[in-house]
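User: Please give me a close look at one part of this model, starting from a single position and then setting it within the chain around it. I would like the cut-offs stated along the way.

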Amino acid sequence: MPDHLSWSGIQCYSQCPKKFFYRYIAQAPVEFTPASLAFGGAFHRAAETLQQARMEGAAIPAVESLLAS
């Protein structure tokens with residue numbers, strides 16, 4: 001049983017209780033990851049790396065290292 005319910009979890013349950021069960025209770029693996037989600041995650045990791053470097057006063061990372069993160 002999940003220790004909390006998010007808005008997306010409540011919405012998922014209201015749309016399809018079985019989908020909620022598989023996603024939040026059984027924690028079944030997701031069949032695919034949408035390209036927009038993968039791209040958004042990569043963008044956020046790169047932005048986080050840049051911001052962390054700026055806050056620490058470090059040099060801005062090279063594009064290659066941002067692509068690798």
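Analyst: Cys 16 is partly exposed, since its relative accessible area is 31%; here buried means under 20% relative accessible area, exposed over 50%, and partly exposed in between, with a 1.4 Å probe and protein chains only. This is a predicted model, in which local features need pLDDT of at least 70 and side-chain atom pairs count only at pLDDT 80 or more, while totals for chains, interfaces and linings use all residues. Residues are numbered from 1 along each chain as its sequence is written, and side-chain values use heavy atoms, with hydrogens and water left out.

The structure holds zero disulfides, a disulfide being a pair of cysteine sulfur atoms within 2.5 Å. Cys 12 is accordingly in no disulfide, and its nearest cysteine sulfur, which belongs to Cys 16, is 7.0 Å away. Seen from the other side, Cys 16 is likewise in no disulfide, with the sulfur of Cys 12 as its nearest cysteine sulfur at 7.0 Å. Cys 12 counts as buried because its relative accessibility is 4%, whereas Cys 16 is partly exposed at 31%.

Further along the chain comes the loop between α2 (17–25) and α3 (35–56), in which Glu 31 lies; helices (H or I, at least four residues) and strands (E, at least two) are DSSP runs numbered from the N terminus. Gln 27 belongs to the loop between α2 and α3, and although Gln 27 is not a glycine, its phi is positive, at about 50°. Most residues other than glycine have a negative phi. Gln 27 is exposed, because its relative accessible area is 62%. Glu 31 counts as exposed at 80% relative accessibility, and Thr 33, which lies in the loop between α2 and α3, counts as exposed at 54%.

Distances from this loop give a sense of its placement. The C-alpha atoms of Glu 31 and Met 55 are 38 Å apart, with their positions 24 residues apart in sequence, while those of Thr 33 and Phe 43, ten residues apart along the chain, are separated by 15 Å.

Helix α3 itself has 22 residues and reaches 32 Å from its first C-alpha to its last, close to the 32 Å expected at 1.5 Å a residue, where the expected span is 1.5 Å times one less than the number of residues. Within helix α3 sits Gly 41, partly exposed with a relative accessible area of 24%. Gly 41 and Glu 64 are 23 residues apart in sequence, and their C-alpha atoms are 17 Å apart in space. Gly 57 follows α3 and has a positive phi, near 75°.

For the chain as a whole, the secondary structure comes to four helices and zero strands, in the pattern α-α-α-α along the sequence. The C-alpha trace spans about 50 × 25 × 15 Å along its principal axes, and the radius of gyration is 18 Å, where a compact globule of 69 residues would have a value near 11 Å; this radius is taken over C-alpha atoms, and the globule rule is 2.2 Å times the number of residues to the power 0.38. Buried residues make up 9% of the 69 residues in the chain, a group to which Cys 12 belongs at 4% relative accessibility.
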